[in-house]
Amino acid sequence: MLVAVVGCLHGELDNVYENIKKTEEKEGKKIDLLICCGDFQATRNIQDLRCMAVPAKYQNMCSFYKYYSGEKLAPVLTIFVGGNHEASNYLQELPYGGWVAPNIFYLGYAGVVRFGGLRIGGISGISKGADYMKGHFEKPPYTEQTKRSVYHVRNLEVFRMKQLSSSLDIMISHDWPKGIWEHGNRNQLLRHKPFFRDDMDNDKLGSEPCRELLDHLKPSYWLAAHLHTKFVALVPHVEKKDENIDEPGPIKSTRFLALDKCLKRKRYLQLLEIASDESKAKVLEYDLEWLTILFLTNHLLSVEKSYQYMPGPCKTERWIFKPSQEEMDLVLQKFNGDLTVPSNFVRTAAAYSSHNQTSTPQRSSSLCVVNPQTTSFCSKLCIDDPLVLLNGDDFVPLTETPFESPSVPAEVSIPTFESPSVPAEVSIPTFESPSLSISLPKPKYDDSQTSLTDYSELFETAVSDDSQNVISNLSFSNQNTQESLLDSERDISVATQDSSAISVSQVESLTVSEDVPGKPDNILDEESDLNSSLPTKKKFKRRNQSMYAVSTDDTSN
């Protein structure tokens with residue numbers, strides 16, 4: 001399957017889709033799936049812009065509203081996770097995921113779906129220790145503080161993801177897992193981002209919850225963005241042959257890929273050829289194990305600002321929620337045996353109009369809107385909608401009069417998406433079970449799963465060819481086994497508004513073995529431009545300085 005991956009999108013949907021179209025024409029192949037690693041910026045109108053945690057001068061409408069309104073249709077199925085620059089009021093309507101526009105799917109706070117034989121998981125937001133153990137207490141209208149805390153990762157989503165028993169093909173996050181730079185080219189990263197040095201030296205670069213999930217889930221691919229640079233790494237996971245015998249087994253590796261932000265001459269778009277079951281239909285489906293985990297852990301959901309502790313082994317109550325076959329069969333019955341994600345997108349706010357900016361009706365960003373997609377999903381699965389819990393009877397149901405879309409040219413065919421009708425008062429049943437009570441372990445972050453044997457010595461440095469804009473194809477060697485790193489990866493030098501040229505880089509094979517003293521430390525020349533050499537040190541841009549200065553507690557990349 002041919003998968004396109006984009007880093008920080010920052011609302012530039014038109015540019016990405018245009019470059020994908022040109023790439024398909026050049027390659028003569030159809031891209032099956034587009035994955036975005038956060039900062040998607042699904043802004044429907046001016047009110048949504050005001051809910052983004054960015055300075056006012058960066059609150060640009062961009063192009064998402066065209067796909068939301070129906071003026072344009074996404075040419076390829078697009079899946080994304082949230083970052084730290086999002087229309088949080090809109091994404092909060094879809095805590096378990098859903099369509100933000102036709103053919104554009106949000107994975108929610110955390111989620112797992114299937115597409116064409118691939119199992120894809122994701123977790124939204126960035127890590128902030130002060131908010132990690134809190135419930136999802138934020139709601140519009142946001143304060144300057146809650147505008148930022150709303151996108152912070154919570155322990156509930158990490159706990160749920162760690163209940164997954166079977167492996168993932170692809171894991172998506174916005175933030176990097178902590179310490180990931182130890183498994184790639186550290187010196188190369190520091191040449192592009194010298195201000196990372198202090199955080200790397202003090203082991204503060206990256207997200208600790210993401211690292212826990214990396215070590216626990218061991219996905220085949222981990223895709224990320226956030227730090228505005230391209231970086232690749234190969235993370236080995238030693239699996240025990242037997243749980244009762246302390247003897248190392250085979251090594252499974254995770255291919256890590258982080259990409260840049262969507263700007264001209266930035267390496268933000270990548271093609272991956274991922275092996276999949278060709279017999280599976282390329283249709284988006286819910287993952288049964290994930291649905292069952294949501295069902296079994298619904299009682300752990302909190303909308304309180306106080307700390308919420310996840311179950312642990314110190315009590316006799318259930319604290320492991322890996323589903324049994326009987327539990328999954330029960331959930332499958334709730335969906336009548338059909339796990340296909342329904343095409344039930346519906347507009348819950350008026351779309352921005354570039355032709356009539358003053359008279360377009362807008363729903364106030366201070367209102368909490370319950371999305372019919374979430375209502376339908378929660379009713380079917382018998383779980384709670386956090387917004388309903390937050391607002392009680394004060395939430396705003398979808399208006400009975402649909403929002404009008406701008407006129408669409410006759411040659412553009414827009415599919416219709418039916419939505420279930422929503423009554424004035426929505427009653428969502430809750431699942432209660434005496435066997436699923438909560439035990440309260442000591443409030444301490446569990447670091448036991450973050451340790452990993454350092455296999456960085458298995459890497460051999462190699463030099464990329466700047467003048468040819470070549471990306472090296474890395475191979476991982478371990479005794480009699482050899483696993484390629486991003487072996488079918490192709491990089492695209494994409495063009496934005498003022499440039500239409502696309503250059504697909506050449507691929508070279510390069511075997512990686514043990515370190516050889518004296519060799520230059522250079523695996524990939526991440527951000528080299530065509531026919532130009534990379535400066536040895538890159539200054540911290542003024543724009544990034546201003547964005548970082550907005551909040552001292554968040555990295556506003």
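**Exercise 1. A charge over a ring**

Over the face of which residue does R44 lie, and at what distance from the ring centre?

*Solution.* In this predicted model, R44 lies over the face of Y90, 3.9 Å from the ring centre. A charge is assigned to a ring when CZ of Arg is within 6 Å of the ring centre and within 35 degrees of the ring normal. R255 is placed over the face of Y221, at 5.6 Å from the ring centre.

**Exercise 2. The chain as a whole**

Describe the secondary structure, burial and contact pattern of the protein chain.

*Solution.* Begin with the elements: the chain has 14 helices and 18 strands. Next, consider burial: of its 557 residues, 57% are buried. Then turn to contacts between residues at least 6 apart in sequence: 81% of them join residues at least 24 apart. Finally, the accessible surface is about 23,600 Å², with carbon and sulfur atoms accounting for 48% of it.

**Exercise 3. Classifying aromatic pairs**

Classify the ring pairs F40–F80 and F195–F196, and state the burial of each residue.

*Solution.* The count of aromatic pairs in the model is 18. Planes under 30 degrees apart count as stacked and those over 60 as edge-to-face.

1. The ring centres of F40 and F80 are 3.9 Å apart and their planes meet at 10 degrees, so this pair is stacked.
2. F40 belongs to the loop between strand 2 (33-36) and helix 2 (46-50), while F80 belongs to strand 3 (residues 78-80), so the pair ties together parts 40 residues apart in sequence.
3. F40 has a relative accessible area of 1% and is buried; F80, at 0%, is buried.
4. For F195 and F196, the centres are 5.1 Å apart and the planes at 85 degrees, so the pair is edge-to-face.
5. F195 is partly exposed at 32% relative accessibility, whereas F196 is buried at 4%.

Ring pairs also link F40, F64, Y68, F80, Y90, Y106 and F345 into a cluster.

**Exercise 4. The nonpolar cores**

Which residues have the most contacts inside the largest nonpolar core, and which helix gives the most to this core?

*Solution.* The largest nonpolar core has 118 residues, and F64, I104 and M161 have the most contacts inside it. Helix 10 (residues 288-296) gives the most to this core, contributing seven residues. Leaving aside residues up to four places away in sequence, F64 touches a set including F40, R44, Y90, V100 and I104. Another core, of seven residues, lies apart from the largest one; L49, M52, Y58 and M61 are among its members.

**Exercise 5. Helix 1**

Test whether the span of helix 1 agrees with its number of residues, and list its buried positions.

*Solution.* Helix 1 (residues 13-27) has 15 residues, and at 1.5 Å a residue it should span 21 Å; the end C-alpha atoms are 21 Å apart, so the two values agree. The buried residues of this helix are L13, N15, V16, Y17, N19, I20, T23 and E24. G28 follows helix 1 and has a positive phi, near 70 degrees.

**Exercise 6. The surroundings of C8**

Is C8 buried or exposed, and which residues does C8 touch?

*Solution.* C8 is found in the loop between strand 1 (2-6) and helix 1. With a relative accessible area of 0%, C8 is buried. Not counting residues up to four places away in sequence, C8 touches G38, D39, H174, A225, H226, H228, D260, K261 and C262. The C-alpha atoms of C8 and C37 are 6.2 Å apart, although 29 residues separate these positions along the chain.

Note on methods. Residues numbered from 1 in each chain as written. Predicted model: local features only at pLDDT ≥ 70, side-chain atom pairs only at ≥ 80, totals over all residues. Heavy atoms only, no water. Helix = DSSP H or I, 4+ residues; strand = E, 2+ residues; numbered from the N terminus. Buried < 20%, exposed > 50% of the residue type's maximum accessible area, 1.4 Å probe, protein only. Contact = heavy atoms within 4.5 Å. Areas by Shrake-Rupley, 256 points an atom, 1.4 Å probe, with all protein chains shown as cover. Phe/Tyr/Trp six-rings, centres within 6.5 Å; stacked < 30°, edge-to-face > 60°. Core = buried A, V, L, I, M, F, W, Y, C linked by side-chain atoms within 4.5 Å. Expected span 1.5 Å × (residues − 1).
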